[in-house]
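Reader: I would like to learn how to read the helices, strands and loops of a model. Could you take me through the features in turn, with the general idea before the case?

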Amino acid sequence: MFGKLEHELELDVAASEAWNLFGTIEIAKFVEKEMPQVFQKVELIEGDGGLGTVLKLTFVPGIPGPPSYKEKFTKIDNEKRIKETEVVEGGYLELGFTLFRVKFEVIEKGEDSSIIKSTIEYELKEEHAANASLVSTQILANIAQLAKNYLNKNKAPK
């Protein structure tokens with residue numbers, strides 16, 4: 001069983017500014033700092049924020065879904081402003097998922113506006129199909145909104 005969920009939010013900053021946050025390791029530091037009610041810890045396990053980087057995300061007890069997992073940066077396209085991560089250990093893989101991929105795409109809209117498109121793609125063994133209900137873009141939507149607020153406060157001067 002394959003599934004896909006998407007969320008989009010318009011940002012009031014240039015795509016290049018948004019990409020400086022979403023396309024780098026900075027987004028991991030940002031969510032750990034700005035979302036302590038969701039992320040207990042975001043640890044850099046391997047790498048420097050480039051392709052192949054592995055993070056361990058540990059969630060606050062009580063958050064729906066798995067308590068923690070490791071994800072790997074599997075695609076970073078600075079030209080198209082697309083970054084993909086896949087769960088490589090624990091978490092959703094222990095719940096019958098064979099793929100759990102998160103994609104951030106920063107789309108240029110205008111000189112001072114862009115869109116952050118967050119996508120979750122997953123594959124699930126048929127016998128675990130009920131676990132599809134655990135997949136939600138809510139955390140990604142919250143990250144996008146907090147990032148929008150942060151980017152608005154820290155806009156590059158003209």
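Author: What follows is a conversation about the sheet, the helices and two loop residues of this predicted model.

Reader: Let us begin with the sheet; in what order do its strands lie, and what is the sense of the pairing?

Author: A general point about strands comes before the case: in a regular strand the side chains alternate between the two faces of the sheet. Here seven strands make up an open sheet, whose order is β1-β7-β6-β5-β4-β3-β2 and whose pairing is antiparallel. At the edges stand β1 (2-11) and β2, each of which pairs on one side only. From one strand to the next, the twist averages 20°.

Reader: How many bridges join β2 to β3, and which residue of β3 is the bridge partner of Leu44?

Author: The antiparallel strands β2 and β3 are joined by six bridges. Leu44 has Leu55 as its bridge partner in β3, while Glu43 stands opposite Lys56 of that strand. On to the next pair: β3 and β4 are also antiparallel, with five bridges between them, and Leu55 stands opposite Glu71 in β4. Five of the six residues of β3 are buried, so this strand is largely enclosed by the rest of the structure.

Reader: Now the helices; how should I describe the packing of α2 and α3, and at what angle do their axes cross?

Author: The general idea is that two packed helices are described by the angle between their axes and the distance between the axes. In this model the axes of α2 (residues 26-34) and α3 (residues 138-153) come within 11 Å, crossing at roughly 95°. The two helices α2 and α3 are therefore roughly perpendicular to each other. On the α2 side the contact is made by Ile27, Phe30, Val31 and Glu34, and on the α3 side by Ile143, Leu146, Ala147 and Tyr150. By character, the residues of this contact are seven nonpolar, no polar and one charged.

Reader: Which residues of α2 are buried, and what covers them?

Author: It helps to recall that an α-helix has 3.6 residues a turn, so residues three or four places apart point the same way. In α2 the buried residues are Ile27, Ala28, Phe30 and Val31. Viewed down the axis of α2, these buried residues fall within an arc of 160°, so they line one face of the helix. Their cover includes the helices α1 (15-22) and α3, together with the strands β2 (39-46), β3 (54-59) and β5 (82-90).

Reader: Since α1 is part of that cover, how do the axes of α1 and α2 cross, and which residues meet?

Author: The axes of α1 and α2 come within 6 Å and cross at roughly 75°. That crossing makes α1 roughly perpendicular to α2. Asn20, Leu21 and Phe22 of α1 meet Glu26, Ile27 and Phe30 of α2, and the residues of this contact divide into four nonpolar, one polar and one charged.

Reader: How many residues of α1 are buried, and which are they?

Author: Six of the eight residues of α1 are buried, so this helix is largely enclosed by the rest of the structure. They are Ala15, Glu17, Ala18, Trp19, Leu21 and Phe22.

Reader: Which strands do α1 and α3 lie across?

Author: Helix α1 lies across β1, β4 (68-77), β5, β6 (97-110) and β7 (113-124), and runs at about 155° to β6. Helix α3 lies across β1, β2, β3, β6 and β7, with a direction at about 20° to β1.

Reader: Turning to the loops, where does Arg81 lie, and is Arg81 buried or exposed?

Author: Arg81 lies in the loop that runs between β4 and β5. Although Arg81 is not a glycine, its phi is positive, at about 55°. The relative accessible area of Arg81 is 19%, and the residue is buried.

Reader: Where is Ile63 found, and with which residues is Ile63 in contact beyond its neighbours within four places in sequence?

Author: Ile63 is found in the loop between β3 and β4, and it is partly exposed, with a relative accessible area of 23%. Leaving aside neighbours within four places in sequence, Ile63 is in contact with Gln37, Val38 and Ile139. As for Ala147 of the helix contact, its C-alpha atom and that of Ile63 are separated by 20 Å, the two residues being 84 apart along the chain.

How values were computed: Residues numbered from 1 in each chain as written. Predicted model: local features only at pLDDT ≥ 70, side-chain atom pairs only at ≥ 80, totals over all residues. Heavy atoms only, no water. Axes fitted to C-alpha atoms, helices over the stretch in contact; angles between N-to-C directions. Helix = DSSP H or I, 4+ residues; strand = E, 2+ residues; numbered from the N terminus. Parallel < 35°, antiparallel > 145°, perpendicular 65-115°, else oblique. Contact = heavy atoms within 4.5 Å. Nonpolar A, V, L, I, M, F, W, Y, C, P; charged D, E, K, R; others polar. Buried < 20%, exposed > 50% of the residue type's maximum accessible area, 1.4 Å probe, protein only. Arc of directions from axis to C-beta. Pairing = 2+ DSSP bridges.
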